[in-house]
Each structure stands twice: as C-alpha cells, then as structure tokens.
Amino acid sequence: MLDYIYVTVIGLLLILITVPLVLVFLRGKRELAEKIVFAVCCFVLIYKLIHFTMYCTIYNKRIIEQLPVEISSISYFLFPIAYLTGIKWLKDSSRFIAFMAGFIQLVAISVSPQSFVLSEMPYFTFVESIILHYALFLGSFICITCIEPLNIKQLPLTLAIFTVVVLWGGVLAAQTWQTGSNIMFVQENVIPPFLLIPGLGKGKLYIIEYVMIFLVYCVAVYGVSYACHKGKTSKASAWNMGPIRNYIAYLQSLAPVDTVTSTESQQEDITTQL
C-alpha cells in the first residue's frame, strides 16, 4: 500500500510543482528557457544513444529489437533531434508527441500506481523511466509555453506524423518483431475501469475513449500554448531550435556592433595622439 502512495505522490508532485514553476519563473525569460530545453535534449539524446549502443554491443541484443516502438521511446530521439537540428516540419509534432508521452506517464503513475508496482519492474528501470519521461514533459512544456507556441496551421502535419508514429508502434512493429511491447500498454494497464465501455474485455481497442481523450488533449495543449504566448513576441537566442545555425547568425548580428566599437576606439586613439 505504501508503494502505491509513494508512486502516486511522485507523479502528482512532478506535475504540480513543475507547471507553476515554469509558468511563473520562466515567463518572459526565453533565453533561459531555451538553455534549459537545450540541456534536457542533450541529456536525453546522449543517454539513449549510450543505452542503445550498450544493449547492441555489451549485451549482444539484436539491433532490430532495440528500435524505438512506443511513443515514449520514439520521442526520446524525435524531440531532441528536432530541437537540436531545427527541422521545421518536425518542430510542432515533436513537441506535441513528447508532451503527450511525458504527461501521460506522470498521470498514469498517479492514477494507476499498481500497474507499475505490480509489473515487477526493476527499481533502476522504474527510476530511469520516471526521469526520462519527466525530461520529455519538462522540455516540451517549456517549449510550448515559454519559447514558441504550437502553430495551429501545422496541426494537420502534426496529426499526420502522430498517426504514423501510432501505426508504426501499434501495428507494424507490434505485429512483426516487437510483439507484446507496443503502445497499447496504456490501454491495457492504465485506463481506469470507469472510463471503459461496459462489456468490452481487456485488450480491446477502446476507440471512443481514445478519440475523446485525444480531442481534449489537442484543445488543451494548443489552448495553453496560445494563451501563454498571446500578445508576446520575443526573439530567439543562440540556444533556440537548431543552435548551431542560430549561434552563427547571433555572432553575425554582433559583428557590426564590434566593427563600430573598434572604429570608435581607433578614432579615440588618433585624437589622443594628436
């Protein structure tokens, strides 16, 4: 019983503490927000690359078995790569999917702790999962509230990419080499009984609940993103999406100032000499 309480408290605290901290202390501080997201993306991507490499070398696992299948495991690569490279067509979808993966995980351990406690998941794996999902939640939440709003015009593309991810994990990969390890974990283990359609057994596709929850999620996440950016415009810093490109542009923007300063200094030296 205490294990259930501990897991629930962890999930709730991570959400209830993070949301106000981000909205209050990072409001209007885009450069700081971008630095935090940059650090989060570097951490997640490097950690997962090391994890992938170790399993395929030290533990002699087949590469095909380590390919990301679930929404979360895909987001571990999709979100950092999209942010660090600045790929425009992946920008909104990566944030949208990463926030969904992180938020659902934190909600899941709060409303259904028994799914994790009874899963016999090793302690390290559980802690690792919490940290990585929280990183997705934190990074994507900062992105959509403090850096750039989600673009409603990009919604069709975002939904198309999300559909591809679902089909990849829930249909293609699950029915080929990853049987039993697909994105339906939430459906089968996490959704509370009062949300399920009476008469449908476990393992069925609860399509009505999925569609309703997904629509609410879309409205909520786009609404929050728009509300946080309404009437505010701020320039990106060198730590924004695609930092290498932006950093070069940032240095170039400083060049005229440096030239002017250098010219003024030379004029002062000449005046002094005269």
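These are my notebook entries on helix packing and one cavity in a predicted model.

**Entry 1: H5 against H7**

I began with helix H5, residues 88-111, and helix H7, residues 123-147. Their axes lie 8 Å apart and the packing angle is about 130°. That angle makes H5 oblique to H7, because angles over 145 degrees count as roughly antiparallel and 65 to 115 as roughly perpendicular, with the rest oblique. I noted the crossing of H5 past H7 as left-handed.

Next I listed who touches whom. From H5 the contact includes Arg95, Ala98, Phe99, Gly102, Phe103 and Ile109. From H7 it includes Ser129, His133, Tyr134, Phe137, Ser140 and Ile144. Sorted by class, this contact of H5 with H7 holds 13 nonpolar, five polar and one charged residues.

**Entry 2: H4 against H5**

I then looked at the contact that H5 makes with helix H4, residues 71-85. The angle between H4 and H5 is about 140°, and their axes are 9 Å apart. H4 and H5 are therefore oblique to each other. H4 also passes H5 in a left-handed crossing.

On the H4 side I wrote down Ile71, Ser72, Ser75, Leu78, Phe79 and Ala82. They meet Leu90, Ser94, Arg95, Ile97, Ala98, Met100 and Ala101 in H5. By class I have nine nonpolar, three polar and one charged for the contact of H4 with H5. Arg95 of H5 is in this list, and Arg95 is also among the residues of H5 that meet H7.

**Entry 3: H2 against H7**

I went back to H7 and checked helix H2, residues 30-57. H2 and H7 pack at about 145°, with 9 Å between their axes. The crossing of H2 past H7 is left-handed.

The residues that H2 brings to the contact include Arg30, Glu34, Val37, Phe43, Tyr47, Lys48 and His51. H7 answers with residues including Phe124, Glu128, Leu132, Leu138, Cys143 and Cys146. The class count for H2 with H7 is 16 nonpolar, two polar and four charged residues. I marked Cys143 in H7 twice, since Cys143 is in the contact with H2 and is also one of the H7 residues that H5 meets.

**Entry 4: the cavity**

How many cavities of 30 Å³ or more does the count give? I found one. The volume of the largest cavity is about 40 Å³.

Which residues line the largest cavity? I recorded Val22, Leu23, Arg27, Thr145, Cys146, Cys228 and Lys232. Helix H1 (2-25) and H7 each give at least two residues to this lining. Its classes are four nonpolar, one polar and two charged. Cys146 appears in this lining, and Cys146 of H7 is also part of the contact with H2.

Conventions: Residues numbered from 1 in each chain as written. Predicted model: local features only at pLDDT ≥ 70, side-chain atom pairs only at ≥ 80, totals over all residues. Heavy atoms only, no water. Axes fitted to C-alpha atoms, helices over the stretch in contact; angles between N-to-C directions. Helix = DSSP H or I, 4+ residues; strand = E, 2+ residues; numbered from the N terminus. Parallel < 35°, antiparallel > 145°, perpendicular 65-115°, else oblique. Left-handed = near helix turned anticlockwise from the far one by under 90°. Contact = heavy atoms within 4.5 Å. Nonpolar A, V, L, I, M, F, W, Y, C, P; charged D, E, K, R; others polar. 1 Å grid on protein atoms, 1.4 Å probe; cavity = no way out; pocket = protein on both sides within 12 Å on 5 of 7 lines; lining within 4 Å. Points joined across faces, edges and corners; volume = space filled by probe spheres on them.
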